[in-house]
Amino acid sequence: MNHPVLEAWSSNRAFIFAVTGAAVGLGNIWRFPYLTGENGGSVFLLLYLFFMLVIGLPIMIAEIGLGRAGRAGPMQALMRLAQGAGARPQWRYLAVFGGLTLFLILSFYSMVSGWSLAYLVKSVDGSLAQQSPEVIAGAFGQLMSNPGLMLLCHTLFLLLTLGVVAAGVNQGLERLNTYLMPLLYLLLLLLAAYAVTTPGFAEAMRYLFLPDFNAVSWKVVLDAMGQAFFTLAVGACALMAYGAYMPEDQSLPRAAVVVALLDVGVALLAGIAIFALVFSHQLEPTSGPGLMFITLPIAFSELPLSHLLSLGFFLLLLLATWTSSINLAEPLVAMLKDRGWSRLRGTAVIGLGVWILGSLAALSFNVMAEVYPLGFLGGVFAEKNLFGLLTSIPTDIFLPLGGLLIAIFAVYIVPVADIRAAIGGSETFYLLWRRMTAKLAIPLTGLLLLTSVLTFWGV
Ligand code: PHE
Ligand code: NA
């Protein structure tokens, strides 16, 4: 596969920055806080951290390691490794399944990322500055009830993504990312520091960190597992491409640990800032996808330089989601390119599909709110509109299933010497990875997947 961003890593840091670009995005700043709120706080957070450690991280290492061992794009890497091990070449279809997952995720990802564009305009025209929390919450409701505006935002964001993918010049963006992402972290740190001074801070800390085991349910457990996969961008073979171009001497486990720590750090900062505001203003933690888009503008409106803060934040969020969405789209286009399609044609076809699905998902907030496309399947399907389906099935079922197969392939199919060499690092770390993957990540993911399929039908 020809992946222009990845042709040569100048340094170990470049690799870490690039994988962080894929990892840090909506998952950290938007999805993590709202799922935490929907699932009652601390128990969700605890489970999420646990799954990051015992499932997300080991499978991330497996996924990047396979790319490194296969020295090619996901499909070829899987085929090459399978053949080398005397296994079926059909393992390559794991990359196709990953592609389907990425496609479904990209459709809602682009739609939601587009909301940042609307908020950029609101930052500039000052319509949210010095407003009451009610007005700010109302502005989000107005956006959700305006299908035309939502479609416009989704279309523009998708064009931004496709433009870069079509041109195949992600390198410039990666570099921009390298310099600007630390600013996003700094801004979140500032917001979290401000949160400490608000009256709701103590309650937010209790809500996030004081375990309340009455809140445990299968939904909480499964949401936490799905979030671990989603936030690390693991389970769809998207990270495999990165391994293929890793510097020879770089330790994969160490790089993966750094990325995971950064990823968790960004989510925690966002969570602390958002919940302190939720409790300071008697907002509902369970308010769902609007949570971040309501709470953070409230913080900006209370702070000096509110226009500038708000503008800076949504610009940086846009950049973070842009790099993540390019990482969602690029493997799809690369796969079509490997079948002889031109980059432009591949981008256009993928883009059209994502545009249609994402546009329908935007209608889930207004005209199609009560349309349940898979309602005939019964169970939870009876109450999930298109947005609900797109934000649960690909992340809670497809990513874990893909991740499970990736882990099984890395541990039980690929010859030990190959995966050992690909993972690099110390022998202790390697053995720890192998044991964790075989004894914890694989059985736990398998068990939870089974549970989630059963709970989908309310068994
Ligand atoms: N990890 C990204 C986020 O948290 C989402 C993503 C998933 C990106 C899968 C690429 C592949 O926003
Ligand atoms: Na993430």
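The following questions and answers concern a predicted model. Local features need pLDDT of at least 70 and side-chain atom pairs pLDDT 80 or more, while totals for chains, interfaces and linings use all residues. Residues are numbered from 1 along each chain as its sequence is written, with chains lettered from A and ligands numbered from 1 in the order in which they are written.

Student: How many charged residues are in the shell around ligand 1?
Tutor: The shell has 15 residues, with Gly25, Leu26, Gly27, Ala233 and Ser324 the closest; near means a C-beta atom, placed from the backbone, within 6 Å. α1, α2, α10 and α14 each give two or more residues to it. The shell divides into nine nonpolar and six polar residues, and the number charged (Asp, Glu, Lys and Arg) is none.

Student: Which element gives the largest share of the largest nonpolar core?
Tutor: Such a core joins buried Ala, Val, Leu, Ile, Met, Phe, Trp, Tyr and Cys residues through C-beta atoms within 7 Å; buried means 20 or more other C-beta atoms within 10 Å. This core has 159 residues, and Met60, Leu239 and Ala273 have the most contacts inside it. The largest share, 18 residues, comes from α12.

Student: Why do the buried residues of α17 line one face of the helix?
Tutor: The buried residues in α17 (416-423) are Ile419, Ala422 and Ile423. Among the elements covering them are α3, α12, α16 and α18. Seen down the axis, the directions to the C-beta atoms of these residues share one face because they fall within an arc of 95 degrees.

Notes: Buried ≥ 20, exposed ≤ 12 C-beta atoms within 10 Å, placed from the backbone. Helix = DSSP H or I, 4+ residues; strand = E, 2+ residues; numbered from the N terminus. Contact = placed C-beta atoms within 7 Å.
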